[in-house]
Amino acid sequence: MKKYTEKELLRVMIKEHKIQTIYLDNSQMKQLFNVCDRTLLRWRNAGKLPYERHDKKGKIYYKLHEVMNKMQSSS
């Protein structure tokens with residue numbers, strides 16, 4: 001049986017529509033892509049990273065499937 005990394009497992013589950021929407025916050029995005037806050041900000045400002053604000057405090061969330069699609073299309 002093949003062992004999947006977290007990234008691979010999420011991709012498979014999204015492709016198979018077992019998970020419809022996964023929201024990640026900044027700390028999860030930093031960990032997933034191994035980048036800092038400033039890099040996420042640059043990606044957002046450049047339009048490379050789709051994001052949403054869901055609460056009154058302005059906390060930023062990312063839809064994982066949109067982020068993965070955007071990253072794949074820009075590669």
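**Around Met 68, the core and Arg 44**

Once neighbours within four places in sequence are set aside, Met 68 is in contact with Arg 11 and Phe 33. The model discussed here is a predicted one. Met 68 sits in helix α4, and its relative accessible area comes out at 11%. That value makes Met 68 buried, because the cut-off for being buried is under 20%. There is also a link back towards the start of the chain: Lys 7 lies 61 residues from Met 68 in sequence, yet their C-alpha atoms are 9.9 Å apart in space.

Met 68 also belongs to the largest nonpolar core, a set of 12 residues. Its other members are Ile 22, Leu 24, Met 29, Leu 32, Val 35, Leu 40, Leu 49, Ile 60, Tyr 62, Leu 64 and Val 67. Two or more of the core residues come from each of α2 (26-33), β3 (60-63) and α4 (64-74). Of the contributors, α4 gives the most, with three residues. As a general point, nonpolar side chains in soluble globular proteins tend to be buried together.

Next come the strands, where β3 turns up in both pairings described here. Strand β1 (residues 23-25) pairs with β3 in the antiparallel sense, over three bridges. Within this pairing, Leu 24 has Tyr 62 as its bridge partner in β3, and both of these residues are part of the nonpolar core. Strand β2 (residues 52-53) also runs antiparallel to β3, and two bridges join them. Here Glu 52 is matched with Tyr 61 in β3. β2 and β3 make a hairpin, with six residues between the two strands. In the turn of that hairpin, Gly 58 has a positive phi of about 85°.

Tyr 62 also leads to a charged residue, Arg 44, in helix α3 (residues 37-45). The side chains of Arg 44 and Tyr 62 are joined by a polar contact of 2.7 Å. So what about a salt bridge for Arg 44? Arg 44 is buried but has none. The nearest side chain of opposite charge belongs to Asp 37, 6.9 Å away, whereas a salt bridge needs the charged atoms to be within 4 Å. Besides Tyr 62, and again leaving out neighbours within four places in sequence, Arg 44 is in contact with Asn 26, Leu 49, Tyr 51 and Ile 60. Among these contacts of Arg 44, Leu 49 and Ile 60 are members of the nonpolar core, as is Tyr 62.

Technical notes
Residues numbered from 1 in each chain as written. Predicted model: local features only at pLDDT ≥ 70, side-chain atom pairs only at ≥ 80, totals over all residues. Heavy atoms only, no water. Helix = DSSP H or I, 4+ residues; strand = E, 2+ residues; numbered from the N terminus. Buried < 20%, exposed > 50% of the residue type's maximum accessible area, 1.4 Å probe, protein only. Lys, Arg positive; Asp, Glu negative; His and termini not counted. Polar contact = N/O pair within 3.5 Å; in protein donor to acceptor, adjacent residues only side chain to side chain. Contact = heavy atoms within 4.5 Å. Core = buried A, V, L, I, M, F, W, Y, C linked by side-chain atoms within 4.5 Å. Pairing = 2+ DSSP bridges.
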